[in-house]
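User: I would like to learn how to read this structure feature by feature. Please take me through it.

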Amino acid sequence: MLIKCDICGHEFDHTEAETCDCGYDPASANLKCPNCMMDLILPPELEAEREKEIEKNSLYSKLEKELSQK
C-alpha cells in the first residue's frame with residue numbers, strides 16, 4: 001500500500017518503512033518515512049496486518065514455539 005508522508009510528500013510502500021522507535025507506542029503502530037525519518041500514523045487498513053506481525057514476533061509466541069518443539 002502506498003503511503004504519502006505528511007511532512008516531505010514522499011510516497012513509499014509500507015514495506016519500505018521502518019517501525020517507529022519513539023517509545024510511546026509499544027505496539028509499533030506508527031511508521032517512519034524512509035526519506036525524512038519522521039513518524040507517521042499507520043493507516044487503519046494496515047492495523048490488522050501489523051497486529052498479526054507483532055503477535056507473531058512477540059516474546060510469548062516465541063516462547064510458546066520453543067516449548068512446543070521440545
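User: Where do I start? How many helices and strands does the protein chain have?

Analyst: Start with the elements. The protein chain has two helices and five strands. Keep in mind that this is a predicted model. From the N terminus, the order is β-β-β-β-β-α-α.

User: How should I treat confidence, and what is the mean pLDDT of the protein chain?

Analyst: Where pLDDT is low, the predicted coordinates should not be read in detail. Here the mean pLDDT of the chain is 81. A value of 70 or more is reached by 86% of its residues. Among the elements, strand 2 (residues 11-13) has the highest mean, 91. Strand 3 has the lowest, 75.

User: Now the sheet. Which strands form it, and in what order?

Analyst: Strands of a sheet pair through backbone hydrogen bonds, either parallel or antiparallel. In this model three strands form an open sheet, ordered 3-4-5, with antiparallel pairing. Strand 3 (18-19) and strand 5 (39-41) are the edges, and each pairs on one side only.

User: How many bridges join strand 4 and strand 5?

Analyst: Three bridges join strand 4 (residues 30-32) to strand 5, in the antiparallel sense. One residue pair to look at is Leu31 and its bridge partner in strand 5, Leu40. Both leucines also belong to the largest nonpolar core.

User: Which residues make up that largest nonpolar core?

Analyst: There are nine: Ile3, Cys5, Phe12, Ala17, Leu31, Cys33, Leu40, Leu42 and Leu46. Take Leu46 as a case. Leaving aside residues up to four places away in sequence, Leu46 touches Met1, Ile3 and His14. Of the 70 residues in the chain, 26% are buried.

User: Two cysteines sit in that core. How many disulfides does the whole structure have?

Analyst: A disulfide is a covalent bond between the sulfur atoms of two cysteines. A search of the whole structure finds zero. The closest cysteine sulfur to that of Cys5 is in Cys36, 3.7 Å away. Cys5 has no bond to Cys36 because that distance is too far. Cys33 is in no disulfide either; the nearest cysteine sulfur, in Cys8, is 3.8 Å away.

User: Are Cys5 and Cys33 buried or exposed?

Analyst: Cys5 has 3% relative accessibility, so Cys5 counts as buried. Cys33 is at 0%, so Cys33 counts as buried too.

User: What about backbone angles? What is the phi of Met37?

Analyst: Most residues other than glycine have a negative phi. Met37 is not a glycine, yet its phi is positive, about 65 degrees. Met37 lies in the loop between strand 4 and strand 5. Its relative accessibility is 36%, so Met37 counts as partly exposed.

User: Let me try a helix residue. Where is Ser61, and what does Ser61 touch?

Analyst: Ser61 is in helix 2 (residues 59-68). Beyond residues up to four places away in sequence, Ser61 touches Glu55 and Lys56.

User: Why does Ser61 count as buried?

Analyst: The cut-off for buried is under 20% relative accessible area. Ser61 is at 18%, so Ser61 counts as buried.

User: Last, the whole chain. What are its accessible surface and its share of contacts between residues 24 or more positions apart?

Analyst: The accessible surface comes to about 5500 Å², and 52% of that belongs to carbon and sulfur atoms. Among contacts with a separation of 6 or more, 32% join residues 24 or more positions apart.

Methods. Residues are numbered from 1 along each chain as its sequence is written. This is a predicted model: local features need pLDDT of at least 70, side-chain atom pairs count only at pLDDT 80 or more; totals for chains, interfaces and linings use all residues. Side-chain values use heavy atoms; hydrogens and water are left out. Helices (H or I, at least four residues) and strands (E, at least two) are DSSP runs, numbered from the N terminus. Buried means under 20% relative accessible area, exposed over 50%, partly exposed in between (1.4 Å probe, protein chains only). Contact means heavy atoms within 4.5 Å. Accessible areas come from the Shrake-Rupley method with a 1.4 Å probe; for residues, only the protein chains shown count as cover. Two strands pair if DSSP finds at least two bridges between them. A nonpolar core is a set of buried Ala, Val, Leu, Ile, Met, Phe, Trp, Tyr and Cys residues joined through side-chain atoms within 4.5 Å. pLDDT is the predictor's confidence in each residue, from 0 to 100. A disulfide is a pair of cysteine sulfur atoms within 2.5 Å.
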